[in-house]
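Student: I should like a close look at one part of this model, beginning at its surface. Please then connect that part to the rest of the structure in a single continuous account.

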Amino acid sequence: MLMNRLIEDERSSRQWTDISFFILGAATTITWDSIYMSVSYFQQFLGKQVLSVLSLCFSLPLFVAMLFCLCLKTQLPVKLMACLVRLCIAYMLGFCILILLAGSCDIEIPVGLLCFLVGLCGIASGVMQSMIASVTGLFSQFSLESGASASALKGTGGAILIPMAVQIGFLPAAMAGASTINQSLIVVFLLSSGMLLLSLLALRILARTDTWEMAAASPCAANACVVECRNPVENTLGQARDFSRQRLVLVRWCAIGQVFSLTLTTFLLALSPHIPPSPTGTEEMFWQEYLATVLIATQSVANFLGRLSITGRWCMRPAPVTVLVSMVVIRVIFIPCILSYAKGRMHWLLPSDPLNLSIILAYGLMSFSGGICAMLLSQKAQSLCDHDHRIPCPIVSQITWIAIQLGGLIGVSFSCIKIL
């Protein structure tokens, strides 16, 4: 009777549930994505090291917070998770309002304070992502399609499209001298604030579903049904430690590949503010201010397209090991190429490049191949334990996420070394 009620509830409210989880997933990263895409503004305070410094301030607390939450031996009560999510949203909303005021009034935030506040954003994002991942588990247990988890992941990955679209929209006006960096910053953080407010409504919608109410009323409700996938009922690293060790040994090479690939991508991306415009380019002042923004936007779109190209039904079969190793290793060639360009040694390849297309293309190819690598390695890891992306092993998904975050953290750390 309990199962029939839960399944019927999920079917009747599935559309609103998916939309709510998409919004909540987007809210977990929208603040950082807004900082990330407003690199031109923050570069005024932090100089060329802007992405290295801010990424390290954000990524390290996020990684520690998420790892701590995933390694808890017991799952937190649903009501407490909801309170933590609201608290995280409230802080990130306050941060966005602060940046809005600073941009509107042309106030310079002290670098130390800015780094501290960004670090708190990292903690809030990490806690919120882990709490939402736990809540999606309650909904996904009653569905073979795991739609809640997929919707949250789509929101997390798609959040950057909002600030990216704003920055791209302002580029023509900036090139003509009709807009300033602060104007685009204000629009970006206004939309981010709106998304965070919308996420509070999404959380309220979820809290009114029968699935949520039953889980909140009884700790056993979450275990009323478990998808048949040879996993323990406890579906986090902390709750199933022995099982997690077995999975880690099984997928260790895929996890190492993720770390290596993301280290390369993040390292080169953090160097984008150091890339000088083409010496033959026009609108020199514009490119001095916005080349890093264009490179970041290119990276975001290319990485998204790379991941999207591996999600079709025609490529559900895992790639052979030789293909995976070749793709991961071949991408190393981007390091000497982009570093040589940054040092002015590659301009002979394209003597006349007024629009900086050569370096934009290099970042696009690097990110597109990185997106493909991330999906293929994740797909291979799931296949090693007889799963796939349609019905994934939650433990392997968490191992993959940790590997990706660790790779990003290592890449950012390397970028702090002065090599340009």
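Tutor: The part chosen is a nonpolar patch on the surface of this predicted model. The patch is formed by Val301, Phe304, Leu305, Leu308 and Phe368, and together these residues have about 410 Å² of accessible area. Helix H12, which spans residues 284-308, supplies the largest share of the patch, namely four residues. Phe304 may serve as an example, since Phe304 has its place in helix H12. With a relative accessibility of 38%, Phe304 is classed as partly exposed, because that class lies between the buried limit of 20% and the exposed limit of 50%.

The patch may now be set against the whole protein. The accessible surface of the protein amounts to about 19100 Å², and 69% of this belongs to carbon and sulfur atoms. The protein has 420 residues, of which 55% count as buried. Its secondary structure consists of 16 helices and zero strands. When contacts between residues at least 6 apart in sequence are considered, 85% of them join residues at least 24 apart.

Helix H2 offers two examples of contacts across the sequence. Leu24 lies in helix H2, and at 1% relative accessible area Leu24 is buried. In sequence Leu24 and Leu201 are 177 residues apart, yet their C-alpha atoms are 9.5 Å apart in space. Leaving aside residues up to four places away in sequence, Leu24 touches Met128, Ile132, Ser199, Ala202, Leu203 and Leu206. Asp33 also has its place in helix H2, which covers residues 14-37. This acidic residue is buried, at 8% relative accessible area. The C-alpha atoms of Asp33 and Pro163 are separated by 6.9 Å, although their positions lie 130 residues apart along the chain. With residues up to four places away in sequence again left out, Asp33 touches Ala159, Ile160 and Pro163.

Helix H3 shows how an element can be enclosed. Seven of the eight residues of H3 are buried, so the helix is largely enclosed by the rest of the structure. The buried residues are Val39, Ser40, Tyr41, Phe42, Gln43, Phe45 and Leu46. Helix H3 (residues 39-46) meets helix H9 (residues 181-207): their axes come within 8 Å and cross at roughly 120°. The crossing therefore makes H3 oblique to H9, as an angle of this kind falls outside the 65 to 115 degrees that count as roughly perpendicular and is not over 145, the limit for roughly antiparallel. On the H3 side the contact is made by Ser40, Tyr41, Phe42 and Gln44, and on the H9 side by Ile181, Asn182, Leu185 and Phe189. Three of the H3 contact residues, Ser40, Tyr41 and Phe42, are also listed among the buried residues of that helix. After H3 comes Gly47, which has a positive phi near 70°.

Two residues other than glycine also have a positive phi, and they may be contrasted by their surroundings. Asp106 has a phi of about 55° and is found in the loop between helix H5 (78-105) and helix H6 (111-140). At 62% relative accessibility, Asp106 counts as exposed. Asn356 has a phi near 60° and is found in the loop between helix H14 (334-342) and helix H15 (357-384). At 0% relative accessibility, Asn356 counts as buried.

Charged side chains complete the account. A search of the whole structure finds one salt bridge. The side chains of Asp242 and Arg245 meet in a salt bridge, with an N to O distance of 2.6 Å. Asp242 and Arg245 are separated by about one helical turn, because they are three residues apart in helix H11 (residues 241-270). Asp242 is exposed, with a relative accessible area of 55%. Arg245 is likewise exposed, at 51% relative accessibility.

To return to the starting point, the patch of Val301, Phe304, Leu305, Leu308 and Phe368 is a nonpolar one on the surface, whereas Leu24 in helix H2 is a buried residue.

Note on methods
Residues are numbered from 1 along each chain as its sequence is written. This is a predicted model: local features need pLDDT of at least 70, side-chain atom pairs count only at pLDDT 80 or more; totals for chains, interfaces and linings use all residues. Side-chain values use heavy atoms; hydrogens and water are left out. Patches are made of residues with over 30% relative accessible area and no salt bridge: like charges are joined within 9 Å, nonpolar side chains (Val, Leu, Ile, Met, Phe, Trp, Tyr) within 5 Å. Accessible areas come from the Shrake-Rupley method with a 1.4 Å probe; for residues, only the protein chains shown count as cover. A salt bridge is a side-chain nitrogen of Lys or Arg within 4 Å of a carboxyl oxygen of Asp or Glu. Buried means under 20% relative accessible area, exposed over 50%, partly exposed in between (1.4 Å probe, protein chains only). Axes are lines fitted to C-alpha atoms, for helices over the stretch in contact, and angles run from 0 to 180 degrees between N-to-C directions. Angles under 35 degrees count as roughly parallel, over 145 as roughly antiparallel, 65 to 115 as roughly perpendicular and the rest as oblique. Contact means heavy atoms within 4.5 Å.
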